[in-house]
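Student: I am new to this structure. Could you take me through one part of it closely, and then show me how that part fits into the whole?

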Number of protein chains: 2
Amino acid sequence: MIAFRLEAGGATGPRAGVLITPHGEVPTPAFMPVGTQATVKTLTPAELRAIGARIILANAYHLYLRPGAERVAAFGGLHHFMAWSGPILTDSGGFQVFSLGGLRTVTDTGVVFRSHIDGSLHELTPEHMVRVQELLGADIIMAFDECPPAEADRDTARAATERTHRWAERCIAAHTTAASLFPICQGGMFADLRRASARFIAELGQPGCAIGGLSVGESKTLTWPLLEASIAELPTSKPRYLMGVGSPEDLIEGVARGVDLFDCVLPTRLARNGALFTPDGRVNIRNARFATLDAPLDPACDCPTCRTFSAGYLHHLFRCEELLAYRLATLHNLRFLLRLMEEMRAAILAGRFTSFAADFRARYRIVDEAVRLEQRARYAARRGRAADTPAAPA
Amino acid sequence: MIAFRLEAGGATGPRAGVLITPHGEVPTPAFMPVGTQATVKTLTPAELRAIGARIILANAYHLYLRPGAERVAAFGGLHHFMAWSGPILTDSGGFQVFSLGGLRTVTDTGVVFRSHIDGSLHELTPEHMVRVQELLGADIIMAFDECPPAEADRDTARAATERTHRWAERCIAAHTTAASLFPICQGGMFADLRRASARFIAELGQPGCAIGGLSVGESKTLTWPLLEASIAELPTSKPRYLMGVGSPEDLIEGVARGVDLFDCVLPTRLARNGALFTPDGRVNIRNARFATLDAPLDPACDCPTCRTFSAGYLHHLFRCEELLAYRLATLHNLRFLLRLMEEMRAAILAGRFTSFAADFRARYRIVDEAVRLEQRARYAARRGRAADTPAAPA
């Protein structure tokens, strides 16, 4: 079982704490790098530790399909299988199933769908996905939920939210191990549904609560009031996990509103596309202006990439599609986010989060929302499958 | 300038020595990992050092095309550009130009060919490729040569060999820096041409000699007598470099005959295809028998992969086409070869090379030659370009 110790902050607004797990402590707020298939793409566990990762996420959906949960259990569980000795959280597969295109049938029983790998037919139920996660052996496991799309109308959102609640109760009833199970609140794009869902989830009495169904394609002007509506009903003493959020500017907004845990494929996926974070905003390392730059991409960055290689060399590796490029870029982007979390935590403890956030926002140029949504749509179209399962870059 | 100190052995038969370069000493016999485009595919310089690489090779041909030799010079040369502080040898581009399919025109002046990247037209001359290598700034640079194919008849082989000799003289005349220039002997598949070529190359008085045009598709029963013919005419006191040879069994044969330096893309390319070296021979990690193996691929191996991850996990990464797979496999295969070189050197110094080689041969199951040649042809057909420039694995 996990525990949570709040060190600064309260019911809303920025908080600093410590998440205590059977595999070590995690200072919060924390970002969890995503290791979809039991590997944070391109990196070793030793590298993850070296850049400050304290907890990682893996996907029950992907690992259920390949290599199979029983297989991972036979290897002694995920920690041993992937040689990561720190805490692990597994996502239940709900988001993956609902973000898949193609055939799926949802009933109160569960979801019948076709594998994105071989087209084979599978039925996932709340009970089954709890069992899968118990076999994987993570420290924190997630309830199986139905995540309504951003464009869902009120009735659709309400139906998905109510099903999510029923499934959360079934997950808790089915759960048998010492892993901590976090239920997920939904509510679509409706503040009153969000509040009611958060209240329901809070009353389940589990050791932590997750907020799902945000940052799924809606405008950011919607996201933050809806996040506030959810958080208002969650217990102060337990960790709050905002699922699938991880751009630098969104992490600032989430922390400002009282989120403790985040995960997102964005930093690692962007890295493999050559889009790198800097204090001034995202840059594309393939851009010709980097070809002759014999200096680190960010001279102030403490990541292994910036400490060792020039932006010009990184540019060369990307132009040549060398595999080392994706590693070095991933190290940089993840370290950028992990350092941002460390800096936010220090600012909260020192009582200067507001000025830290203002300084960051003043300098960091955000990608235009229209461009961002278009990139997202293009990415989804190109993949033709779950948006968080990119293959090796082309 | 380099120097060479022979510590054991003589004109023929196994030798141990030390190659002394401006960037450090290299115990010989030594294998040079190939960093075609200024990166040993998937690995960082720190990892190369950690697995025992003491010298690496880069390709003047590729770096001339991208990012350009002047560009690398503006970064302070290859060592600084790629952040590798040890010795570097650059190949002249001769082999790449002649192993390219497509349009090329060879005259005594040089070679006119189309870039494999963008189809642009280039003329490479001996003088030009010396200048390119001087700009790259390697410790050892190679003469520009014409490498006849394995099926070349006597007249074709003789003409290519004589042109190689004339070009070697022009390279030496054009050479202006402190880098050490190694000329290359050829001779096709004809022992008398090989002997004459080696004699000619030896008399040029350069600090080292290379043996080219072997292991280019001919049967191994031809290779070794031809290697012996070449070596018989080379000076005892200078290092001999057998180009493009790097399977474990071939390294044993080369060292047994007096070779000091080797390079080959084989270990790194095989790794990316999931073919891994073990003391019993090559295995394909994708094979179903590894799926459940919760033990290192080779429990006796001291590579970072075998020390940290199970064969079953490696199998999973390859099945999922995860980028980490190619790194971990590359580390393993390179460490296998580098350790083999260390073990051969120790055996030579201890006067027990013959028994070491016999023990190795008795255990290591060699890939059937017919299979090997077919794999080679298939690989070349799939790539449709220079056989040593694989792109990221499919």
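Tutor: Here is a close look at one helix, followed by its surroundings.

Keep in mind that this is a predicted model. The part to find is helix α14 of chain A, residues 323-349. It has 27 residues. From its first C-alpha to its last it reaches 40 Å. That is close to the 39 Å expected at 1.5 Å a residue. Just beyond the helix, look for G351(A), which follows α14(A). The phi of G351(A) is positive, near 70°.

Is this helix enclosed or open? Count its buried residues: 21 of the 27 in α14(A) are buried, so the helix is largely enclosed by the rest of the structure. For a wider view, buried residues make up 53% of the 394 residues in chain A.

Now step to what packs around the helix. L314(A) is in contact with A325(A) and L328(A), among others. Its further contacts include I285(A), L297(A) and F309(A); neighbours within four places in sequence are left aside here. L314(A) also has a place in the largest nonpolar core, which has 245 residues. The residues with the most contacts inside that core are I56(A), L314(A), I56(B) and L314(B). Helix α14 of chain B, again residues 323-349, gives the most to this core, with 16 residues. In soluble globular proteins, nonpolar side chains tend to be buried together.

Next, cross to chain B and find L43(B). It lies in the loop between β4 (30-32) and α1 (45-50) of that chain. L43(B) counts as buried, because it has 24 C-beta neighbours inside 10 Å; the cut-off is 20 or more. Which residues does L43(B) touch, leaving aside neighbours within four places in sequence? One of them is L324(A), from the other chain. The others are L48(B), R327(B), T330(B) and L331(B). So that you can place both ends of a longer stretch, note V259(B) as well: L43(B) and V259(B) are 216 residues apart in sequence and 27 Å apart in space, C-alpha to C-alpha.

How are the two chains related? A rotation of 180°, with 0.0 Å of shift along its axis, superposes chain B on chain A with an RMSD of 0.0 Å. The two copies are thus related as by a two-fold rotation axis. In chain B, the C-alpha nearest that axis belongs to L323(B), 3.8 Å away from it. The copies meet through the same surface, because 100% of the interface residues of chain B are also interface residues in chain A.

Finally, set the helix inside its own chain. Chain A has 16 helices and 17 strands. Its radius of gyration is 20 Å, close to the 21 Å that the globule rule gives for 394 residues, so chain A is as compact as a globular protein of that length. The C-alpha atoms of chain A fill a box of roughly 60 × 50 × 40 Å along the principal axes.

The domain assignment splits off domain 1 (3-263) and domain 2 (271-370) in chain A. Their centres are separated by 26 Å. Across the boundary, 27 residues of domain 1 are in contact with 25 residues of domain 2. On the domain 1 side, β1 (3-8), β4 (30-32) and α10 (248-256) of chain A each supply at least two residues. Of that side, α10(A) gives the most, with 6 residues.

Notes. Residues numbered from 1 in each chain as written. Chains lettered and ligands numbered in written order. Predicted model: local features only at pLDDT ≥ 70, side-chain atom pairs only at ≥ 80, totals over all residues. Helix = DSSP H or I, 4+ residues; strand = E, 2+ residues; numbered from the N terminus. Expected span 1.5 Å × (residues − 1). Buried ≥ 20, exposed ≤ 12 C-beta atoms within 10 Å, placed from the backbone. Contact = placed C-beta atoms within 7 Å. Core = buried A, V, L, I, M, F, W, Y, C linked by C-beta atoms within 7 Å. Least-squares fit on C-alpha atoms with pLDDT ≥ 70 in both. Rg over C-alpha atoms; globule rule 2.2 N^0.38 Å. Domains from an automatic or database assignment.
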